[in-house]
Amino acid sequence: SYLYFLETHFYEMRKSAMRSGCRTVDRIVYFADADGIVKSITNRKIWKVLPLLKTLVTLIECHYPEIVEHIVLFNVPKVASAVYKVVKAFLDPVTAGKIELFSGVPYGRFKELLEEDVIPVEYGGTNRIDYPQTSSN
């Protein structure tokens, strides 16, 4: 389950922080690549992912309230950015302030928020962890 995935990663982050003498993790930054989302909508595969996203949001809200510091969505299509401008008006201002949308890959923003060893290789960092991915095919 995704909750198990989160707990495993949080455990590894706590161990790493203790070994290095760093402050333990109490906030997370969530990056999501939206490449392929339009194709997923047009071929209707997005509907298979929505229950997972709903479950994920529910689990995080229930077990990790206010742990999210930033949500950075990138490779976001223009139409999705336009829709978000409307949706944003209905969000809590604190929540809305945590969400950032980019039309491309925001390498600079990655490096502002994360250390290079945390950024996945495919986005310019050195991290080789195999993160969960979905496919729009």
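This passage describes the fold, the sheet and two contrasting residues of a predicted model.

The chain contains 6 helices and 3 strands. Followed along the sequence, these elements come in the pattern α-β-α-α-β-α-α-β-α. Of the 137 residues, 25% count as buried. The surface exposed by the chain amounts to about 9,900 Å², and carbon and sulfur atoms supply 59% of that area. As for contacts with a separation of 6 or more, 67% come from residues 24 or more positions apart.

The strands are a good place to look next. The 3 strands make up an open sheet with the order β1-β2-β3, and the pairing is parallel. Its edge strands are β1 and β3, each of which pairs on one side only. Between neighbouring strands of the sheet the average turn is 15 degrees, direction ignored.

The two pairings can be followed residue by residue. Strand β1, residues 28–33, runs parallel to strand β2, residues 68–74, and 6 bridges connect the pair. Within this pairing, Val29 has His70 of β2 as its bridge partner, while Tyr30 stands opposite Ile71 in β2. Strand β2 also pairs in the parallel sense with strand β3, residues 99–101, this time over 3 bridges. Here the bridge partner of Val72 is Glu100 in β3. As a reminder for anyone tracing side chains, those of a regular strand alternate between the two faces of the sheet.

Beside the sheet, Lys98 deserves a closer look. This lysine is found in the loop between α5, residues 93–96, and β3. Is Lys98 buried or exposed? Its relative accessible area is 16%, and because buried means under 20%, Lys98 counts as buried. Leaving aside residues up to four places away in sequence, Lys98 touches Glu66, Val68, Glu69, His70 and Ile71. Among these contacts, His70 is the bridge partner of Val29, and Ile71 is the residue opposite Tyr30.

Val79 offers the contrasting case. This valine lies in helix α4, which covers residues 78–88. With a relative accessible area of 56%, Val79 is exposed, because the cut-off for that class is over 50%. Val79 also belongs to a nonpolar patch on the surface, formed together with Val83 and Val87. The accessible area of the three valines together is about 250 Å².

Technical notes:
Residues numbered from 1 in each chain as written. Predicted model: local features only at pLDDT ≥ 70, side-chain atom pairs only at ≥ 80, totals over all residues. Heavy atoms only, no water. Pairing = 2+ DSSP bridges. Helix = DSSP H or I, 4+ residues; strand = E, 2+ residues; numbered from the N terminus. Patch = residues over 30% accessible without salt bridge, like charges linked within 9 Å, V, L, I, M, F, W, Y side chains within 5 Å. Areas by Shrake-Rupley, 256 points an atom, 1.4 Å probe, with all protein chains shown as cover. Salt bridge = Lys/Arg side-chain N within 4 Å of Asp/Glu carboxyl O. Buried < 20%, exposed > 50% of the residue type's maximum accessible area, 1.4 Å probe, protein only. Axes fitted to C-alpha atoms, helices over the stretch in contact; angles between N-to-C directions. Contact = heavy atoms within 4.5 Å.
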